[in-house]
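Student: I would like to learn how to read a few local features in a model. Please take them one at a time.

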Amino acid sequence: MTLHGGVRPLAKDQQFPATCAAIRADVLRHLTYTLGKDPDHAAAYDWRMAFSFTLRDRIVEPWFAATRRTWAEERKRVYYLSMEYLIGRILADAAINLGLHEALAEVARDLGLDLAAIAGNEPDAALGNGGLGRLAACYMESMSTLGCPAYGYGIRYENGLFRQRFEAGQQVEAAEDWLNMPNPWEFERPEAAYTVGFRGQVGMRDGRPIWTPSETVIASGHDMPVIGWQGRWANTLRLWGAKATTQFDLDRFNRGDYAAAAEPEALARTLSRVLYPDDTTQAGKELRLKQEYFLTSAALQDILRRYRDRHSDLRALPAHVAIQMNDTHPAIAGPELIRLLTDEAGLEFGEAAPVALATLGYTNHTLLPEALERWSTWTMGTVLPRHMQIIERIDDWHRTQNPGRPPGAGIVRGNEVHMGELAFVLSHRVNGVSALHTDLVRRNLFPDLDRLHPGRIVNETNGITPRRWLRLANPGLSALVTRTIGPGWEADLDRLEGLAAHAGDAAFLSDFRAAKRANKVRAADWLKETVGVCVDPDAIFDVQVKRIHEYKRQLLNLFHTIALWHRIRQNPGGDFVPRVKIFAGKSAPGYAVAKEIVHLVNDVASVVNADPLMRGRLWVAYPANYNVSMAERLIPAADLSEQISTAGMEASGTGNMKLALNGALTIGTLDGANVEIRDRVGAENFFLFGLTADEVQARRAEPGQARRAIEGSQMLRDILQMIAEGRFCPGQPGRYLGLVDRAWNSDHFLVAADFAAYDAAQEAAAQAWRDPARWSRMAALNTARMGFFSSDRAIRGYMKDIWNVESALGEG
């Protein structure tokens, strides 16, 4: 992206809008004076940073104004605690929200550059894993759009989750390097630094417990402004980096012990180096607990410092502060808030516990046991000895407040601290994230606590920001939406319903198909470049993009892929709908079964893509290292959205919403938000299959259910036989015998039980695809009826039902 010949000056009579002229001047100023480069020698990085700093300058003013107004009007603030924020690239997204995207593009063209290439040079911030982190990012953006005063708190991971690549089809993890280059969107805040302790002893002084940690680190803040739609409000995402209390041991260094001299800094940085360290070892477990406490303690110290700048009575904290725990990871917030209120501020436990209860809210995101964290009392007592005491006190307090409390409602039981129960007990509201999930939280997850606290559990169905997931990610479709229903839908997504009146209009449907095909052509070009698979953009793009997990059932999709391959080989002259199967997603490093599925997907892809009988009929693509930027490529290109999790196991999902919003038809179970999506878009525009959540429970209880399902399906028997005999791994025929054995003899996630129904639903989708007018109408109605799933709607629900916070912009 180096320019040769210099940047031409603007002619006096050149027609260039004042906004563009100012942006152009600022880009060149930052290039010269911030980055120390001239245009002739500027690389892609330099231009991207210059454009980013120019845009950041325009974010700072509304950011400061929002902060000043919050203070001046003494507005209640929301504090959002999350281990993940999957924010993606910021340059183009912020430009959209500021209404400057076209101006930036015009300036780039004038300078001989391409804005898309500039924005594409930005690394994805490695601050999240999947739906939880992307939801947090959407919610931060919607809070800014709605003028809800808020701070987000997270960890500034140096290496994030991991960078995925494939070697011989197997997933290999490498450290992310997104911070190898400076981050132009953050402001370091050395004054926002707090000491966080671990381990040590608890003694008594003047009748009060005193915790003396034996390990301490410094949490240092880095602020990123989050700008809302039209730049009317901006909130702050504060990310904590870990630093050593003692940076460097000069005495050890001078004695030649160089590694030991830097040991304190190295140990501190482990806390903010990697998201979700492998916790299969005791050291990994302790590190994960330390990370969660590091985030929570730093955030709560910051919140109380800010509160005490203006207020003296800590018992009034709930009137000014709402703290939301995004899943169970920050559940230590309850005990830590009580510790700060009692040990540090002098309140009695009987005063502090109700303050914590009225301040905290808890969003449950999962029914999976491994995600509802439990810590052994030994680990908790070793790493956080004072908090173990407080947790036991909370448990006794709750038991006393609720005579006859069932044993299953206890926080400490079986020598474990149950963090889900801890979060519930100290939250005035507990919310699920879809109607079905909330019902299961009440009935299956916390039934005893729900009976003790009726009304505490509420539903707030997840949502996504249309600014990123339609306006930015799908410019062709968003332009068609604006031409059809007019501007302004970005902040009022219910207006998409106006598209439904055009779903029978041939001209509109032609434009709708053209926008989709253009996205598919771009995705096909990208797949050829990155994966080496040449696909037909006129084939159906059948897409499953999400974290690799048994309950998400990539294996079910893969079995159908093998079935298609087998059928084509059995009947080469048959009339098959051309199909591109696209998988994307990462497995957790320690999750052996999920990594086995990754390997099998790649093995199947190698066989299918090399088979001459599949040409023009079937392709399999699995691009590595799925992230937000890849999602922005693949989601607008998808025709069929795979939402096929075992019913009762997906809390909500947000990928299902993004895909439907972009005109993909869903093939799915009655799980998570699929239920509500189907209700909204219409059963006739959704390919439903599979057991219900209650039927899943009943089927699992039947001995031999998997074997019976397989014996009842010749195709399923053929698929498993081909896998078992090594058809997809001839060099190591026994590679997947364990997978085949689980399919026959356990199959906890009911892949076999749902296969026949899934296969039939896939055939129904293929038949619908044969009628382009019918498919286009169904797809357009999906887009038209997705207004409910805006993150703005979701945040309004939190503001009203949980936080009791009013919009500073009058956005009720």
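Tutor: The model is a predicted one, and we will go through salt bridges, a hairpin and one aspartate.

Student: How many salt bridges are there?

Tutor: A salt bridge here is a side-chain nitrogen of Lys or Arg within 4 Å of a carboxyl oxygen of Asp or Glu. The count comes to 65.

Student: Which parts does the pair of glutamate 186 and arginine 156 tie together?

Tutor: Their side chains meet at 2.7 Å, N to O. Glutamate 186 lies in the loop between strand 4 and strand 5 and arginine 156 in the loop between strand 2 and strand 3, so the salt bridge ties together parts 30 residues apart in sequence.

Student: Is glutamate 186 buried or exposed?

Tutor: Buried means under 20% relative accessible area. Glutamate 186 has 13% and therefore counts as buried. Arginine 156, at 18%, is buried too.

Student: Where do strand 6 and strand 7 stand relative to each other, and how many bridges join them?

Tutor: The two run antiparallel and are joined by five bridges. Two residues sit between the strands of this hairpin, where aspartate 206 takes a positive phi near 55°.

Student: Which side chains of strand 7 are buried?

Tutor: Side chains alternate along this strand: Pro209 and Trp211 point to one face and are buried, whereas Arg208, Ile210 and Thr212 point to the other and are not.

Student: What does aspartate 124 touch?

Tutor: Beyond residues up to four places away in sequence, its contacts include Gly88, Trp178 and Val628. The aspartate 124 side chain reaches the backbone nitrogen of valine 628 at 3.4 Å.

Notes. Residues numbered from 1 in each chain as written. Predicted model: local features only at pLDDT ≥ 70, side-chain atom pairs only at ≥ 80, totals over all residues. Heavy atoms only, no water. Contact = heavy atoms within 4.5 Å. Polar contact = N/O pair within 3.5 Å; in protein donor to acceptor, adjacent residues only side chain to side chain. Buried < 20%, exposed > 50% of the residue type's maximum accessible area, 1.4 Å probe, protein only. Helix = DSSP H or I, 4+ residues; strand = E, 2+ residues; numbered from the N terminus. Pairing = 2+ DSSP bridges.
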